[in-house]
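Me: I have just opened this entry and would like a short tour. Could you help me read it?

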Amino acid sequence: MSETTPSVRSLPPEPAPRRGAAAAAERPVVIRAENLVKRYGDFTAVDGISFEVPAGESFGLLGPNGAGKSTTMRMIGGVSRRTGGRLEIMGLDPEEQGPVVRAHLGVVPQQDNLDEELRVRDNLLIYGRYFGLPRAYLKPKVEQLLDFAQLSDKANSRVDDLSGGMKRRLTIARSLVNEPKILLLDEPTTGLDPQARHVLWDRLFRLKEQGVTLVLTTHHMDEAEQLCDRLIVVDEGRIMAEGSPAELIRRYSTREVVELRFGADRNAAVAQQIGDLGDRVEALPDRVLIYARDGEAVLEAVVARGLSPVTSLVRRSSLEDVFLKLTGRSLAD
Amino acid sequence: MRTSTTPSPRPALPPPGPEELARRGRRFGVWYFAEHQLLAMRSYLSVIVAFSVGHPLLYLVAMGVGLASLVDANGGGDFGGVDYLVFIVPALLATGAFMAASGEFTWPIMDGFKWHRLYYGPLVSPLQPWQIAAGHTLAVAIRLFSQSLVYYLIVAAFGAVPSGFGILSVVTATLAGLAIGTPLMAYAATIREEKAQFVMIQRFGVMPLMLFSGTFFPLTNLPVFLQWIGWLSPLWHASEIGRVFSYGYDEPLWLSIAHVAYLVALAAGGLALAFRTYRQRLVD
Ligand SMILES: Nc1ncnc2c1ncn2[C@@H]1O[C@H](COP(=O)(O)OP(=O)(O)O)[C@@H](O)[C@H]1O
Ligand SMILES: [Mg+2]
C-alpha cells in the first residue's frame, strides 16, 4: 500500500518535473478518490466523485458555489467523514490516519482563520508549533516564508492590519511551514482584487515549479485556466467533465465565441434569427453567444443581416463556455 | 536548487517527516495548542492582571478591611474564631479564579468556532479536536494558577493566611475555575449563534453562585432552602477546602475529600463532554 509513497522530507533537488498528461502517467499517485459520497441528512453534497492526482500535478476542482468542492477538500484532510467511497492520501485513509495525512498536507481553507490579534510572524511560528516543529527549524523557516509571501516588512504587524490579499498570502505561507508535498487550496483568491490575485498566482506558480502538488478549488474559470494542469468540472456534487483546460475547451466548445448584446428585451428574439450561424447559439439574459471556429466571419454575417448589436466581442473560448455547455448555467457569481 | 528568484534569507533544515510530526502531535498536541493560547494571553496581560488580581483585591479592601472592622467588632465567633479577613480570603481567591474561568471558557470558545474560526487552523494540522479542547483547558489552568498564586502571595504578605498549607488553596481555586469552566466550554461548543447566552450565564449563573456559595458568610447562615445552591456550587466547595488549608477550618475529613472529589469530577466530566462537543462540531 505504500509502494507509491515518495519521499516527502524536503523539496526536490532536481528541476520541476515536466507537466502535462504524458508526464503525469509516470508519476506516483498521491491522492486517489473513488466514488466519494458525502450526505448531510437527506442532502447529498458530494455524489460519487472519483479522481486521481499524480505527484507534482496541479489539479483543480472547478464548480459553482455549493458544488461540493470544500466538502471534498475537507474529506481529503480527514476533517469531514465520508458517507461512502474510498480515499487515499499517500496511500493512507485520512479518516483512520488523520494526523499523519495532515502532516503530509498543507491546507489553505476557504475562509482565513489567522489569529488576528497576533503578529504576522507569531502566526507562522504558532502554526509551526502545531506540527511539532522545533524552534531551531522554525526561526529561519519563518523568515523564509515571510520572504516567499512578500510579507517580510509586515512581520511585526498585527494580522488585523493586513489587506485581504496579504492575509491570503500569509495563510498560504502558513500552510507551507511543514514543507508539504501536497497543498490543498480552497478558493485561494476568491474575494481578492485582480492585482492581489495575480500576485498570489505568481506565488502558486513558484510552488508548482518546486514540484509541490497543488489541489485547488475555484469557481473562477480564469484561475483554473491559469493554474491547473488538469481539472474536474463539478456541479451538484458530480463530475461533469475532466481534462486539461485546453482539452475541455476543445471537447466542449469551439475555438472562438462571439458575444453580442442587443439589450435585455431583444437578446432572446435576435437569438432566434441567428440560430443558424456558427456551431451553437446560447441566449443568456444579458447577451447572446455564438460558438464558431471563426468569430470574425460570424460577426460579419450578423451585421450583413442588418442586425446591429449594442456591443460585440470576439474572444477565445474559455472554461466558462465549457461550464455553460455542460450545465446550461453560467459559472460566474 | 530553488527556483525562487527572491533569495531566501537562510535555508532551513528539512523538517522531520510526516510520521514523526504526527507522532509529536499525538504526544504533545495538547501543549502545542496551549502554547498558542498562552501567547495570545500575553498580548492582554495587563487586562488579566487588572481583572484577576486587582478585582479580588478591591473586594478584599472593601469587605475584608471595611466590613471586617464592623463584623469583628461584633464578635467574629461565626467564622471559626478567625478574623473576618482570614475567613474571606480563601473564598475570594476561589472567586477570582471562578470569575476568570467563566470568561475564558465562553467567549474564546466562540472565537475558536465562529468569529475568527481559530480552531480551523489546528484542525488541519496533526492535532485532533480533543487536543484543542484539552489545550485550551491547560492554558486557562495555567492562567488561573498564576493569577491565584500572585493573589495568594499578596494576601499572605498581609498576614491573612495563617497556615502554610494555604498555598494549596491556590490549587483548589484553580480547580474551582476548571469545575465551572469545562462544562461551560462543552456547552459553548454547541452554540451556533451567540445571542445573549454568555451574558445570561454571567448574570444568572456566575453572580448568584458567588453570592450564595458561602463566600462572604457561612453557608449555614442561609435558610436551608437556599443552602443547596452552595452544595452544588463548585465555588462553595473550593472556598470550604481553601479555608481548611488556609487556617485549619474544622470540618470532617470526609467532607474535605468530598469537596475536592466534587471539583475534580466536575472538571473532568466537563472536559470529557467537551471532547465530544468539539469533535461533533469540528468533524462532520
Ligand atoms: N455541515 C453541513 N451541513 C449541511 N449541509 C452542508 C454542510 N456543509 C456543506 N453543506 C452543503 O453542501 C453543499 C456543498 O457545500 P460545499 O462543499 O461548501 O460547496 P462549495 O465549496 O463547492 O461551494 C452546499 O449545498 C452546502 O450548503
Ligand atoms: Mg467552498
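Me: How many helices and strands does chain A have?
Reply: Chain A has twelve helices and 13 strands. Please note that this is a predicted model.

Me: How does the radius of gyration of chain A sit against the globule rule?
Reply: The radius of gyration is 22 Å and the globule rule gives 20 Å for 333 residues, so chain A is as compact as a globular protein of that length.

Me: And what box do its C-alpha atoms fill?
Reply: Along the principal axes, the C-alpha atoms of chain A fill a box of roughly 75 × 45 × 45 Å.

Me: What share of chain A is buried?
Reply: Of the 333 residues in chain A, 59% are buried. The accessible surface of the chain comes to about 13,500 Å², and carbon and sulfur atoms account for 47% of that surface.

Me: How far apart are the mean positions of the positive and negative charges in chain A?
Reply: They are 3 Å apart, taken over 45 positive and 49 negative charges.

Me: Changing topic: which residues have the most contacts inside the largest nonpolar core?
Reply: That core has 156 residues, and those with the most contacts inside it are Ile31(A), Phe51(A), Ile89(A), Leu184(A), Leu207(A), Tyr278(B) and Leu282(B). Helix H3 of chain B, residues 84-104, gives the most to this core, with 13 residues.

Me: What does Leu282(B) contact, leaving aside its neighbours within four places in sequence?
Reply: Leu282(B) is in contact with Val79(A) from chain A, and with Phe113(B), Tyr119(B), Tyr120(B), Leu123(B), Pro129(B) and Ile132(B) from chain B.

Me: What lies apart from the largest core?
Reply: Another core lies apart from it, with 14 residues, including Val258(A), Ala271(A), Val288(A) and Leu307(A).

Me: Now Asn123(A): is it buried or exposed?
Reply: Asn123(A) has a relative accessible area of 5%, under the 20% cut-off, so it counts as buried. Its place is in helix H4 of chain A, residues 120-130.

Me: What does Asn123(A) touch, not counting residues up to four places away in sequence?
Reply: Asn123(A) touches Leu114(A), Asp115(A), Leu118(A), Val159(A), Leu170(A) and Arg174(A).

Me: Where is Gln37(B)?
Reply: Gln37(B) lies in helix H1 of chain B, residues 18-42. Gln37(B) is buried, with a relative accessible area of 15%. Beyond its neighbours within four places in sequence, Gln37(B) is in contact with His136(B) and Ala139(B).

Conventions: Residues are numbered from 1 along each chain as its sequence is written. Chains are lettered from A and ligands numbered from 1 in the order in which they are written. This is a predicted model: local features need pLDDT of at least 70, side-chain atom pairs count only at pLDDT 80 or more; totals for chains, interfaces and linings use all residues. Side-chain values use heavy atoms; hydrogens and water are left out. Helices (H or I, at least four residues) and strands (E, at least two) are DSSP runs, numbered from the N terminus. The radius of gyration is taken over C-alpha atoms; the globule rule is 2.2 Å times the number of residues to the power 0.38. Buried means under 20% relative accessible area, exposed over 50%, partly exposed in between (1.4 Å probe, protein chains only). Accessible areas come from the Shrake-Rupley method with a 1.4 Å probe; for residues, only the protein chains shown count as cover. Lys and Arg count as positive and Asp and Glu as negative; His and the chain ends are not counted. The place of a charge is taken as NZ of Lys, CZ of Arg, CG of Asp or CD of Glu. A nonpolar core is a set of buried Ala, Val, Leu, Ile, Met, Phe, Trp, Tyr and Cys residues joined through side-chain atoms within 4.5 Å. Contact means heavy atoms within 4.5 Å.
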